[in-house]
Amino acid sequence: MRKIVLDFVFDERSGDTRIVVGYEDPELSTLELNEAIRDGHVRDEIIALAETMFGQDIAGRLRDGKIPLVCTDHHPELLDQPAGVPLPQAATPGRKQEQKQ
């Protein structure tokens with residue numbers, strides 16, 4: 001059974017948007033999957049799924065290349081990202097010290 005995971009990522013600081021795609025199909029060999037990616041079949045399938053999930057505007061931006069599709073096969077570091085947003089170091093509160101008079 002085929003498994004497709006779409007993760008819509010928006011970076012509030014830089015404004016960068018991307019959709020990270022995890023695509024697994026145990027019925028296809030690696031060679032067959034690469035050929036399906038090259039001929040555009042997988043991309044079309046993912047864009048149709050993104051249109052269902054995120055709407056026509058996002059699907060149109062994917063088709064135009066304004067929002068990149070990033071595959072976890074090419075970027076395995078994106079598989080284990082933390083769920084929370086990291087806080088910048090400057091926003092952490094300073095150490096408190098007790099003052100005696």
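**Salt bridges, step by step**

Asp 57 and Arg 61 sit four residues apart in helix H3, about one turn of the helix. Keep in mind that this is a predicted model.

Me: What makes Asp 57 and Arg 61 a salt bridge?

Reply: Good place to start! Their closest N and O atoms are 3.3 Å apart. The cut-off is within 4 Å, between a side-chain nitrogen of Lys or Arg and a carboxyl oxygen of Asp or Glu, so the pair counts as a salt bridge.

Me: Why is Arg 61 called partly exposed?

Reply: Its relative accessibility is 37%. Buried means under 20% and exposed means over 50%, so Arg 61 falls in between.

Me: Why is the contact of Glu 45 with Arg 2 called a salt bridge?

Reply: Here the closest N and O atoms are 3.2 Å apart. That is within 4 Å, so this pair qualifies too. Glu 45 belongs to helix H2 (residues 41–54), while Arg 2 is in the segment before strand E1 (3–10). The two residues are 43 residues apart, and the pair links distant parts of the chain.

Me: How do you know that Arg 63 and Glu 51 form a salt bridge?

Reply: Use that test again: their closest N and O atoms are 3.2 Å apart, which is within 4 Å, so the answer follows. This pair links helix H3 (residues 56–64), home of Arg 63, with helix H2, home of Glu 51.

Me: What makes Glu 51 partly exposed?

Reply: Its relative accessible area is 28%, which is neither under 20% nor over 50%, so it is partly exposed. Arg 63, at 48%, is partly exposed for that reason as well.

Methods: Residues numbered from 1 in each chain as written. Predicted model: local features only at pLDDT ≥ 70, side-chain atom pairs only at ≥ 80, totals over all residues. Heavy atoms only, no water. Buried < 20%, exposed > 50% of the residue type's maximum accessible area, 1.4 Å probe, protein only.
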